[in-house]
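Student: Please walk me through one part of this structure up close: how the charged side chains pair up, and what is going on around them. Explain the terms as you go, since I'm new to this.

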Amino acid sequence: MILSPFEWTIAKRYMLPGRGEAVIALVAGISIGVVMLSVAMLVIVMSVMNGFRAELTDRITGLNGHAVIQGYDGRLANWQDVLADVQATDGVTSASPFIEQPLLASFNGRAEAILMRGSAQEDIADLQDKVLIGSMATLAVGERKVAMGSRLASNLGLRIGDTVTIINPQGRTTPFGTVPRQIGYEVTAIFELGVYDFDERFVVMPIPNAQTLLLSGDNIGMIEVQTEDPDRVDEILRPLGQQLSDRALITDWRSMNAALFEALQVERVAMAFALGIIVLVAAFNILSSLVMLVRSKTRDIAIMRTMGARRQSLLKIFVTTGSVIGAIGTFAGIALGLIVLFFRQSIANGIQRLTGAELWDPSVRFLTELPSRTDPFEVLAIAGMAMGLSFLATLYPAYRAANTDPVEVLRYE
């Protein structure tokens with residue numbers, strides 16, 4: 001829509017009402033503010049929801065892979081052959097054996113339920129960037145040394161160099177019954193994965209050490225699988241599932257956390273719908289401000305019509321006025337949303353200090369920090385929706401202005 005100099009001059013004049021039109025200016029300012037806040041809220045909420053899902057997915061799959069192959073009885077016999085078959089599958093980028101077993105840990109009279117994880121040396125080395133204190137390089141085969149999550153260490157009151165007792169209730173069988181197996185391990189590394197449940201329960205050691213603790217011989221519990229595309233994990237592993245159907249069960253990352261990710265998706269859609277209603281309210285504000293502007297400018301419109309202004313010109317003037325209001329509010333909202341996202345953790349911490357309420361409880365939200373991941377295409381969709389609704393809101397007032405009858409308006413002037 002190309003405006004002539006006359007049309008653009010009038011549109012600019014109407015976008016900046018004079019002193020006698022304070023109410024119109026106020027309503028237009030409120031319209032811009034509502035559009036700005038609604039767009040900012042949409043950008044913030046959708047980015048946080050995207051970030052929460054992406055961070056949770058990355059950290060869960062980073063520890064457990066895109067899929068897990070597990071023996072029906074909890075132990076995967078002949079796992080070397082299974083591992084070779086997995087690694088030879090098209091679309092699989094890596095596969096690693098591991099053991100995962102719920103046990104107990106005790107230190108200075110305190111006891112906590114733990115999840116003992118026996119990992120391959122290369123997988124242990126990959127956790128080094130998550131270490132807060134100590135080093136994963138100290139976890140050698142045959143050494144009674146472990147690494148544990150930061151919250152578990154805090155709960156037990158452990159520090160680097162302390163010895164934690166790990167208890168395996170399924171110990172050796174004696175004439176007097178089963179005696180739990182208790183072994184002391186030196187804590188040589190404390191890590192933080194960023195997922196609350198993992199940091200509160202995980203204890204890591206090499207696979208041979210875990211096999212010794214569990215008295216499981218050369219058996220392992222599971223094989224972790226990484227694929228080239230986590231969204232195609234079902235398709236990639238389908239042939240392998242048929243091949244191993246009599247020995248093992250394959251569970252992908254979505255099945256392992258189905259309830260969590262489904263709840264996130266429902267919450268995401270609900271929030272987008274609710275905030276979309278706010279954008280619609282902002283569009284109605286633009287409509288009301290333009291209706292008021294048309295009513296206050298009825299005499300001016302009639303004079304322009306008598307001087308030769310066409311209906312099409314009046315349509316352009318008022319559509320441009322409302323669209324510019326919507327565009328200003330939209331771009332200001334995107335800018336405000338990105339600024340808030342950049343300082344999101346500081347803002348959340350400040351609100352927590354002021355109110356005394358915990359806005360981000362890691363035990364409920366799983367992640368230790370407020371995440372964010374902004375999707376440019378989603379931001380463009382939000383901007384398009386806001387500007388589209390703003391444009392639609394201009395059509396009725398513009399139609400009213402274009403159809404003003406100058407004879408009726410000026411008859412009694």
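Tutor: Let's begin with a bit of vocabulary: a residue is called buried if its relative accessible area is under 20%, exposed if it is over 50%, and partly exposed in between (1.4 Å probe, protein chains only). What you have on screen is a predicted model, so local features need pLDDT of at least 70 and side-chain atom pairs count only at pLDDT 80 or more, while totals for chains, interfaces and linings use all residues. Residues are numbered from 1 along each chain as its sequence is written, and side-chain values use heavy atoms, with hydrogens and water left out.

Now zoom in on Arg-117. Arg-117 is buried, because its relative accessible area is just 3%. Side chains of opposite charge can pair when their charged atoms come close. Here we call that a salt bridge if a side-chain nitrogen of Lys or Arg is within 4 Å of a carboxyl oxygen of Asp or Glu. The model has four salt bridges by that rule. Among them is the one between Arg-117 and Glu-100, at 2.7 Å from N to O. Arg-117 is in strand β3 and Glu-100 in strand β2, so this pair links distant parts of the chain, 17 residues apart. (Strands, E, of at least two residues, and helices, H or I, of at least four, are DSSP runs numbered from the N terminus.) Glu-100 is partly exposed, since its relative accessibility is 21%.

Arg-117 has another partner too: Glu-224, with N and O 3.2 Å apart. Glu-224 belongs to strand β9 (residues 222-227), so its bridge to Arg-117 in β3 ties together parts 107 residues apart in sequence. Glu-224 is buried, at 9% relative accessible area.

For contrast, look over at Arg-232, which forms a salt bridge with Glu-228, the closest N and O atoms being 3.7 Å apart. Arg-232 is partly exposed at 30%, and Glu-228 counts as exposed at 54%. Back with our first group, Glu-100, Arg-117 and Glu-224 make up one network, joined by salt bridges that share partners.

Arg-117 does something else as well. Its charged end sits over the ring of Phe-98, 4.1 Å from the ring's centre. For that label, NZ of Lys or CZ of Arg has to be within 6 Å of the ring centre and within 35 degrees of the ring normal.

Take a quick look around the strands. Leu-103 is in β2 and counts as buried at 5% relative accessibility. Its C-alpha is 9.8 Å from that of Arg-201, although the two are 98 residues apart along the chain. In the loop between β2 (92-107) and β3 (110-119) you'll find Asn-108, which is exposed at 68%. Its phi is near 50°, a positive value in a residue other than glycine.

While we're on rings, the whole structure holds two aromatic pairs. Rings of Phe, Tyr and Trp (its six-membered ring) pair if their centres lie within 6.5 Å; planes under 30 degrees apart are stacked, over 60 edge-to-face, and the rest tilted. Phe-198 and Phe-202 have centres 5.1 Å apart and planes at 65°, so they are edge-to-face. Phe-342 and Phe-343 are edge-to-face as well, with centres 4.9 Å apart and planes at 85°. Phe-342 is exposed at 66%, while Phe-343 is partly exposed at 43%.
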